[in-house]
Amino acid sequence: MFVLVGWGLALACIFGVYIAHGGNIAVILHALPFELITILGAALGAFLANNQMKVVKASLAGLGRCFKGSKYSKARYMEMMALLYDILQKARKEGLMSIEKDVEEPHNSAIFQKYSVVGSDHHVVEFITDYLRMMVSGNLNAHEIESLMDSEIETHHNEEHAAVAAIARLAGGLPAFGIVAAVLGVVNTMGSVGQPPAVLGGMIGSALVGTFLGILLAYGFVEPLGGLLEQKVEDGSKELQCIKTTLLASMQGYAPQVAVEFGRKVLYSGDRPTFAELEGHVKGKK
């Protein structure tokens with residue numbers, strides 16, 4: 001929603017001021033289809049040539065996420081930490097082997113089913129159950145698991161960030177493609193020398209629209225999407241870091257209530273529930 005509002009505000013200010021100063025919008029509208037096809041076509045071709053297909057798919061999926069609200073909220077984090085609290089509490093009271101079935105079949109687990117939002121997120125459930133499985137096996141210590149968690153989170157971050165980098169490169173190339181379109185327009189104009197000045201002026205104006213569009217698309221549309229996607233990627237990594245901190249605290253012998261407090265402290269301040277909010281939510285889910 002805010003993406004569309006931002007774009008609308010940018011376009012209204014740019015073209016509104018242009019028209020208010022006596023600009024002829026007809027010149028831009030006449031050149032717009034040809035310049036857009038040139039710039040966007042060249043940019044798309046370069047984008048496909050510059051990225052592996054998995055990065056292209058991730059970029060398209062990431063752009064789609066930019067038009068949706070963030071799924072990372074205080075309510076989601078409270079649910080996630082309540083889930084961790086319940087499963088760690090069960091392991092503490094009944095022994096680690098008691099959660100083996102929950103770990104092996106999370107889709108049939110009463111604990112995971114109770115938390116539908118987090119429990120339906122495949123990546124989060126897989127991350128939690130993989131390391132709970134290691135805790136149940138008892139073959140790794142906390143330092144080894146922490147190192148493995150760091151490696152997995154880094155891999156996840158790098159995979160997600162590949163789409164961000166691809167979009168950033170696309171934004172960086174758009175002004176250059178705008179210049180290419182403008183140069184072609186100038187070449188076309190030079191081939192029409194001898195036409196009346198009014199005609200040549202219109203052709204030069206159309207050529208300059210290419211430079212204008214390349215810059216506008218880069219810094220008004222594509223780069224902001226890349227920045228927004230990067231923020232969403234950081235939110236996803238933060239959730240995994242919260243899970244990591246909670247599980248490691250449990251492995252080091254802290255009670256479940258203290259372990260989730262460790263995890264709570266990792267979250268960004270804007271999404272972090274207070275101690276009282278989290279405690280009330282955990283007790284209310286019992």
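Ala, Val, Leu, Ile, Met, Phe, Trp, Tyr, Cys and Pro count here as nonpolar, Asp, Glu, Lys and Arg as charged, and the others, Gly among them, as polar. This is a predicted model, so local features need pLDDT of at least 70 and side-chain atom pairs count only at pLDDT 80 or more, while totals for chains, interfaces and linings use all residues. Residues are numbered from 1 along each chain as its sequence is written, and side-chain values use heavy atoms, with hydrogens and water left out.

**Figure 1. The largest pocket.** A pocket is an open set of points on a 1 Å grid over the protein atoms alone, where a 1.4 Å probe fits and protein lies on both sides within 12 Å along at least five of seven lines; lining residues have an atom within 4 Å of a point. This one has a volume (the space filled by probe spheres set on the points, which are joined across faces, edges and corners) of about 560 Å³. It's lined by 21 residues, with Lys71, Tyr72, His123, His156 and Glu160 the closest to its centre. Sorted by class, the lining has 11 charged, 5 polar and 5 nonpolar residues. Helix H10 (helices are DSSP runs of H or I, at least four residues, numbered from the N terminus) gives the most, with 5 residues.

**Figure 2. The second largest pocket.** Here the volume is about 380 Å³. Of the 17 lining residues, Leu40, Leu63, Leu170, Leu174 and Val222 sit closest to the centre. What classes make up this lining? There are 16 nonpolar residues, 1 polar and no charged ones. Helix H2 gives the most, with 5 residues.

**Figure 3. Arg76 and Asp121.** These two form a salt bridge (a side-chain nitrogen of Lys or Arg within 4 Å of a carboxyl oxygen of Asp or Glu), and their closest N and O atoms are 2.7 Å apart. Arg76 sits in helix H4 and Asp121 in the loop between H7 and H8, 45 residues apart. Both are buried, meaning under 20% relative accessible area (exposed is over 50%, partly exposed in between; 1.4 Å probe, protein chains only). They also belong to a salt-bridge network with Lys71 and Glu239.

**Figure 4. Lys114 and Asp86.** Another salt bridge joins these side chains, at 2.8 Å from N to O. It links helix H6, home of Lys114, to helix H4, home of Asp86. Lys114 counts as partly exposed because its relative accessibility is 35%, whereas Asp86, at 12%, counts as buried.

**Figure 5. Glu261 and Arg264.** The closest N and O atoms of this salt bridge are 2.6 Å apart. Both residues lie in helix H11, about one turn of the helix from each other.

Methods. Helices (H or I, at least four residues) and strands (E, at least two) are DSSP runs, numbered from the N terminus.
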